[in-house]
Amino acid sequence: MMIQRQVWNDKVRYLIADEHGSVMLELYEEPQQWGEHYGTAWIWGLYIFPHSRRKGNARRLLEETEHIAAEAGHKDVFLQWEERNTMRAILDFYKRQGYCEVEADSDRTEIMLRKSLKGGSEYGED
């Protein structure tokens, strides 16, 4: 597994990849807003190559990402599911991993999810 840490002006971005897929994590010092929700840890672009799916690889990458956020002191992590880019079964996958819906658009094609992390500090949603 390769973990690249990038320090930007307003965030730290982690690119986490292996031979099965990749995911990006952005950690902020100040809460960022999406809709009515604020958070400091955001997961983007979890992707598993088709030949590596349904073998636990997405769960493993997601857990590694959550671990990095928790170790950095964040108490929650957010992600967005969009129907135009992702199958509906992926939304169910996130829910099985402990993510809860916190906001959705009127036709439920974009849904924001949140998961509480163990070991986090006072960062995250108020």
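The legends below accompany an overview and several close-up views of a predicted model.

The model is predicted, so that local features are reported at pLDDT of at least 70 and side-chain atom pairs at pLDDT 80 or more, while totals for chains, interfaces and linings use all residues. Residues are numbered from 1 along each chain as its sequence is written, and side-chain values rest on heavy atoms, with hydrogens and water left out.

**Figure 1. Overview of the protein, with its two helices and seven strands.**
From the N terminus on, the elements follow the order β-β-β-β-α-β-α-β-β, where helices (H or I, at least four residues) and strands (E, at least two) are DSSP runs numbered from the N terminus. The radius of gyration is 14 Å, close to the 14 Å that the globule rule gives for 126 residues, so the protein is as compact as a globular protein of that length; the radius is taken over C-alpha atoms, and the rule is 2.2 Å times the number of residues to the power 0.38. Along the principal axes, the C-alpha atoms fill a box of roughly 40 × 40 × 25 Å. Of the 126 residues, 40% count as buried, a class that means under 20% relative accessible area, as against over 50% for exposed and in between for partly exposed (1.4 Å probe, protein chains only). Among contacts (heavy atoms within 4.5 Å) between residues at least 6 apart in sequence, 54% join residues at least 24 apart.

**Figure 2. Surface and charged side chains of the protein.**
The accessible surface comes to about 7400 Å², and 47% of this area belongs to carbon and sulfur atoms; the areas come from the Shrake-Rupley method with a 1.4 Å probe, and for residues only the protein chains shown count as cover. There are 17 positive and 23 negative side chains, and the centres of the two sets lie 8 Å apart. Lys and Arg count as positive and Asp and Glu as negative, whereas His and the chain ends are not counted, and the place of each charge is taken as NZ of Lys, CZ of Arg, CG of Asp or CD of Glu.

**Figure 3. Close-up of I43 in strand β4.**
I43 belongs to strand β4, which covers residues 37-48, and with a relative accessible area of 4% this residue is buried. Apart from neighbours within four places in sequence, I43 is in contact with V23, M24, L25, L62, T65, V77, F78, L79 and Y99. Its C-alpha atom lies 17 Å from that of M1, a residue 42 positions away in sequence.

**Figure 4. Close-up of G45, also in strand β4.**
G45 is exposed, with a relative accessible area of 59%. Once neighbours within four places in sequence are set aside, G45 is in contact with S22 and V23. The C-alpha atoms of G45 and L15 are separated by 10.0 Å, although these residues are 30 apart along the chain.

**Figure 5. Aromatic rings, among them those of W42 and W44.**
Five aromatic pairs are found in a search of the whole structure. The rings of W42 and W44 have their centres 6.1 Å apart and their planes at 10°, so this pair is stacked; rings of Phe, Tyr and Trp (its six-membered ring) pair if their centres lie within 6.5 Å, and planes under 30 degrees apart count as stacked, over 60 as edge-to-face and the rest as tilted. W42 is buried at 3% relative accessibility, while W44 is partly exposed at 29%. For F93 and Y94, the ring centres are 5.6 Å apart and the planes meet at 50°, so this pair is tilted, and both F93 and Y94 are buried. W42, W44 and F78 form one aromatic cluster.

**Figure 6. Close-up of R54, a residue other than glycine with a positive phi.**
Most residues other than glycine have a negative phi. Phi of R54 is near 65°, and R54 lies in the loop between β4 and α1 (57-71). At 86% relative accessibility, R54 counts as exposed.

**Figure 7. Close-up of R108 and T109 in the loop between β6 and β7.**
This loop runs between β6 (100-104) and β7 (110-116). R108 has a phi near 55°, a positive value in a residue other than glycine, and is partly exposed, with a relative accessible area of 35%. T109 is partly exposed at 21%. Not counting residues up to four places away in sequence, T109 touches W81, E82 and E83. The C-alpha atoms of T109 and R88, 21 residues apart along the chain, are separated by 9.2 Å.
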